[in-house]
Amino acid sequence: MTRPDRSAIRAAIRAVAALAAGVAAPAAGVAALLLAWELAPRLGLVRAASVPPFSRVFAEAGTVLADPAFRAEVGGSALRWALGFAAALGIGVPLGLVMARSRFVRHAVEPVLTMSYPVPKVALILILVLLFGIGTLARVIIVVLACLIPIVISSFHGADAVEPRLIWSARGLGTSRLGTLFRVVLPAALPSVLSGVRLAIGVSIFALMAAELMIRQSGVGAYLFTYYDLGDSPRVWATAALIATAGFLLDAAYVRGVKFGLRWLAGEI
Amino acid sequence: MARPTPTIPATTPAPGASTPRASVGGAVTWLAVRTYPVLLVLAVWQVVAHSGAVTAFTLPAPRQVWDQAVLGWRSGTLIDATTITLVRILGSFALALAVGVPLGLLMGRVRPVRRMARPIVSFFFPTPKVAIYPALVILFGLGTASKVAMGFAEALFPILLATTAAASQVEPRMIWSAAGLGTSRPGILLRIVLPAALPAILTGARIGLVGAITGVFVAELIVAADGLGHTMAIGYRTLATADMYLTVVAISAIGFTLDRLILATRARLLRWTPEAER
């Protein structure tokens, strides 16, 4: 054996160790959490009737996914969410852009945002039901209200930071005011808008789930609450875990989608 | 995201924004700009309630809600519900700070901790935590514990992520200097990393506070025996609509006051940073 061979082996060992640390440590964290969940009820640290062990919940999640009633509710919830989210995008992005370009609009809207920011929008759900009935409209409106603030604020900040010379150049070359807004300001503000949209995705799913848990008429939240009322705790934990996973996957899909679709964007969203 | 700051400000500062003017006229303008949303809401509310487009049942006039507030104040039910909700909000916020800040500092500075916690944190951050609430009720019962747990779950992640990000971006030279002068590792965390990360932590705390308010209130709305959210749920079920509007006003007032308090605390704690001058 010559010396270079030995150093190559050492380098290989180091690489394996680095890989192990990068993969094993995260895996150990997740494994510890799941193991605690599995063992706590089995060892009697918590009542197995209220917290079923992980394996039980995992198996139950398969049953929930196969349940046609659950699948039907997923479709309804997704539709309401998409309607509200599209409406919030349609209102929020233009409003934020205009706020950055027009001093009047900015002074009119800014105090409203500051004042409504700390108010829990979901507090309005039952009032909206009172005003608009128990149907789809009240729940769509709550989704719109919940995601409007992050979308408007991020669009405003993005558009506010646009280099004025870009706008002057476009105007000087004969682009109309509206054209400048959508062809110069919007692309320049896009990274900020996209981060706002990411926040809005999380907030809007929260609002929709809260609304469905409260109104208990239809939707995934209502499905979950039905089993809470029946005292079927494995079903409650499994459905909750599925909704949580769906939220996580939606966020991950959004981030991946943006990274893939808009490769010219630098940095995180 | 680091974006180049425009060389020329796009807009001039607001009339009387941020600094109150010395003149009376300036002060009036400043106050008018700041409070106009409340006045606008009251005016629209008054007009719509009296227009006959909606019944007094679905939209009671502001006067009726005010009478309901006086009634609730005298009987003590309003104060009781508000106190219960406020204590739960503050409890869950304090708990989220107590867990989020130390864990965030560790995640930001200690690589094994970051590696172990990251997949768990990145799973729970974007999930709708409210879906877990029925499970929390099964686990913690109908009382305060399940509400505080819900508020905590909503408040923790903004605080934790802001702290982690800021702690991992502390200027290395400051840490080397402190280590070179003989500061221990826990000492560096407390006396170098924590102050350096404080502006970001307080920004996270402001977002977390809204999470705590929303979490506690929603929890009380869904299943509870007391608190403001419960008052609203009962108002909905017993068709006492004035109570529902009163609850919205009360929780908005709590949210607005606590948000102002955290901004004032932030300004006071950050006197030494360039940010405080803004």
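# A walk through a predicted helical pair

Let's start at one small spot: setting aside neighbours within four places in sequence, B:Ala178 touches B:Thr183, B:Ile188 and B:Ile192. Keep in mind that this is a predicted model. B:Ala178 itself sits in helix H7 of chain B, which covers residues 172-180. Is B:Ala178 buried or exposed? It falls in between: B:Ala178 is partly exposed, because 16 other C-beta atoms lie within 10 Å, and being buried would take 20 or more. There is one more distance to look at here. B:Ala178 and B:Arg191 are 13 residues apart along the chain, and their C-alpha atoms are separated by 9.1 Å.

Now step back and look at chain A as a whole. What is chain A built from? Ten helices and zero strands. Read from the N terminus, the order of elements in chain A is simply α-α-α-α-α-α-α-α-α-α. As for its overall form, the C-alpha trace of chain A spans about 75 × 70 × 30 Å along its principal axes. Chain A has a radius of gyration of 25 Å, whereas a compact globule of 269 residues would come out near 18 Å. Of the 269 residues in chain A, 38% are buried. And if you take the contacts in chain A with a separation of 6 or more, 73% of them link residues 24 or more positions apart.

To see how the helices of chain A meet, find helix H3 of chain A, residues 68-101. H3(A) packs against helix H6 of chain A (residues 136-160), with the axes 6 Å apart and an angle of about 30° between them. Why call this pair roughly parallel? The label goes to angles under 35 degrees, so H3(A) counts as roughly parallel to H6(A). The crossing of these two helices, H3(A) and H6(A), is right-handed. Sorted by class, the residues in the contact of H3(A) with H6(A) are 22 nonpolar, six polar and four charged.

H3(A) has another partner to check out. The axes of H3(A) and H9(A) come within 8 Å and cross at roughly 140°. That makes H3(A) oblique to H9(A). Which residues make the contact? From H3(A) come A:Ala69, A:Phe70, A:Glu73, A:Val74 and A:Ser77, and from H9(A) come A:Val220, A:Ala222 and A:Tyr223. By class, the contact of H3(A) with H9(A) has six nonpolar residues, one polar and one charged.

While you are around H9(A), look at the loop that leads into it. A:Arg216 lies in the loop between helix H8 (177-215) and helix H9 (220-229) of chain A. A:Arg216 is not a glycine, yet its phi is positive, at about 55°. With 18 C-beta neighbours inside 10 Å, A:Arg216 counts as partly exposed.

Next, the place where the two chains meet. How many residues does each chain bring to the contact? Chain B gives 52 and chain A gives 53. On the side of chain B that touches chain A, the elements giving two or more residues are helix H1 (24-51), helix H4 (111-124), helix H5 (133-140), helix H8 (185-222), helix H9 (228-237) and helix H10 (241-269) of chain B. The largest share of that side, ten residues, comes from H10(B). By class, the side of chain B that touches chain A has 39 nonpolar, eight polar and five charged residues.

One of those elements, H9(B), deserves a closer look. Eight of the ten residues of H9(B) are buried, so this helix is largely enclosed by the rest of the structure. The buried ones are B:Leu228, B:Gly229, B:His230, B:Thr231, B:Met232, B:Ala233, B:Gly235 and B:Tyr236. What covers them? The cover includes helix H5 (125-132) of chain A, along with helix H3 (77-109), H8 and H10 of chain B.

Finish just past the end of that helix. B:Leu239 comes just after H9(B), in the loop between H9 and H10 of chain B. B:Leu239 has a phi near 60°, a positive value in a residue other than glycine. Is B:Leu239 buried or exposed? B:Leu239 is exposed, because 10 other C-beta atoms lie within 10 Å, and 12 or fewer is the cut-off for that label.

Note on methods. Residues numbered from 1 in each chain as written. Chains lettered and ligands numbered in written order. Predicted model: local features only at pLDDT ≥ 70, side-chain atom pairs only at ≥ 80, totals over all residues. Helix = DSSP H or I, 4+ residues; strand = E, 2+ residues; numbered from the N terminus. Rg over C-alpha atoms; globule rule 2.2 N^0.38 Å. Contact = placed C-beta atoms within 7 Å. Axes fitted to C-alpha atoms, helices over the stretch in contact; angles between N-to-C directions. Parallel < 35°, antiparallel > 145°, perpendicular 65-115°, else oblique. Left-handed = near helix turned anticlockwise from the far one by under 90°. Nonpolar A, V, L, I, M, F, W, Y, C, P; charged D, E, K, R; others polar.
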